[in-house]
Amino acid sequence: MTITDMPQTAAPDTAVSRTATAVSDAPERISGAAGGVSRTAKRNPIKPKRDRLMTALSLAAAIGGTLVGVIGFAMSYSTLAKVALAWGFSEKLAPWFPVGVDASIIAFLALDLYLIRKGTPWPLLRMAAHAMTGATIWFNASSQGHIAADPVKAASHGVMPVLFVIGVEAARRLIIQKARLEAGTAADRIPLHRWILSPLATPRFYRRMRLYGVASYPEMIRRQQALIAYEQWLKRKYKGDLDKASEDERLPMKMAAFGYTVAEALAMPEQQEREAEARAEEADRRRLDADTRRELAQKQAEADRLEAQGQLDAVRARVEGETGQARAHARAQVSAAERAAELEEAALETAVIAEARAREAEAERKEAQEREGKAAADVRAAELERQAAEKRKEAAEADRVAAAEAQAIETAEIAQARQRAAEADRAAAETQKAAAETRRRAAEADRLAAEEAERKAVADAGVQAARKREAETELAAAERRLAAAEAERRAVEMEDTAKLTSRERAVRKVARMALSAGLVTVGLSAYEIHRELCRVISIADVQREMAVSSTDTASKYRQEAADLLAGGYRA
């Protein structure tokens, strides 16, 4: 016979912790052998009479309890009012003393019943009500003098509060039992005769009922009977020697102390095996799930890696394309700057040569003009001298004629001839004086021409110096542009090495533009650097150099360039 071949006396499967339905069903199985209480109630003609009797008893108990309470309260009120006057209370306060004492009892008991009804009892309220009841009993009993002198008289005054408390406790018990029945936690009481007839086994019996939640006393009896029947069956099977029984067969006796029924104890090994198998299956399932999740995670990680690699390759290709484009742009800018510098240098050389030739031609022209002026002055002086010579010749001729005439005849005509000769000499002298004045004026003209030539030479020298300075300035500007182009080329190479983005390259180019324009950032704050940068580099300059059409983008480039310079950037 195996473990599952249980004897017919073994109890059926019953849960250890019985629900409210199971507890309420226990009396139904005991009292209704043929079918149950609910089915027999329809066929029992005594039930309506019993209900009417219970209703009548309830009314009688309610009316009687109320009457006893009212009478006890009235008697206690009269007695305690007199005691209060005797104890020194004033006539106004003495009637309120019994009201406070008895009302506290009613209030505490009512509040205790209300909390019990709500399922949150507080034992302190009941103890306080009992304490006030004891005080009321003592006050009523001691109102007639010393209690030991006349105990019967004292008991007659103290019995009414006791009756009132007994009625309240009965109501409290009824309410508690009703609440337990509604909540399904009501437990059967072990009959008094069992405590008397079996005083040693009953405490263990009661302990198992309370520890393992067996609320039904008949259910506990049935379990014990099933255990005894199973034990007797084992003894008969192994001829009185229970040691021959296996561990599984002895489980009902071992587990009975823990609230297990015979069927539950016998089914425990199989249930544990099923649970172990279920746990193993669950562990296998979790392991398979973990393996599946691990594989999915690995595949997802591989897919993410491939996707990231593809994105990285795309970004690398884009960066390399932008870098190549920027490098080509930089090289084109460097070549353009070098070509512009060469053209400017050639233009400068051509301008210098042309200027030199112009200065030489101007000098030759001035020299020719001076020579022409001197020749004209010499011609005028020769003409004057010729005229003077003719006049002297005429005067000499006149003197000769006069001398001849004087020798011939010394007449008035000779005197007139002499006079005319003298006038001729005077005219010749005047002519010589005019010639001298002409020569002086020619010399003065020569001097003025020389001064004018000197002034022109000085002016020409100034113009030449200015043009030389302008050429030097242009040369220095060309050298600066060449140096800027070289710096730009180096910066582009460093940016290529650093693999900067196109935006970072643009910001650094704007910063280099500001530095090339003469921006000095030493000792300036970030705000001052931004202000100076806005002064030397306009939005239009940034748009032109960066080839952007948006003023907002150009403004952002300039702002980021100012922040970069404030951070210590130097080209």
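This passage describes salt bridges in a predicted model.

The analysis rests on a predicted model, in which local features need pLDDT of at least 70 and side-chain atom pairs count only at pLDDT 80 or more, while totals for chains, interfaces and linings use all residues. Residues are numbered from 1 along each chain as its sequence is written, and side-chain values use heavy atoms, with hydrogens and water left out.

Side chains of opposite charge can pair when their charged atoms come close. A salt bridge was assigned where a side-chain nitrogen of Lys or Arg lies within 4 Å of a carboxyl oxygen of Asp or Glu. By this rule, 24 salt bridges were counted. One of them joins Lys254 to Glu247, with an N to O distance of 2.6 Å. Lys254 is partly exposed (20% to 50% relative accessible area, where under 20% is buried and over 50% exposed; 1.4 Å probe, protein chains only), its value being 42%. Glu247 is likewise partly exposed, at 45%.

Further pairs are found in helix H11, which spans residues 262-408; helices (H or I, at least four residues) are DSSP runs numbered from the N terminus. Within H11, Glu282 and Arg286 lie 4 residues apart, about one turn of the helix, and their side chains form a salt bridge at 3.6 Å, N to O. Glu282 is partly exposed at 29% relative accessibility, and Arg286 is partly exposed at 46%. Both residues belong to a network of salt bridges that also links Arg285 and Asp289.

Asp291 and Arg294, 3 residues apart in H11, form a salt bridge whose closest N and O atoms are 2.7 Å apart. Asp291 is partly exposed at 29%, as is Arg294 at 44%.

Terms used: Helices (H or I, at least four residues) and strands (E, at least two) are DSSP runs, numbered from the N terminus.
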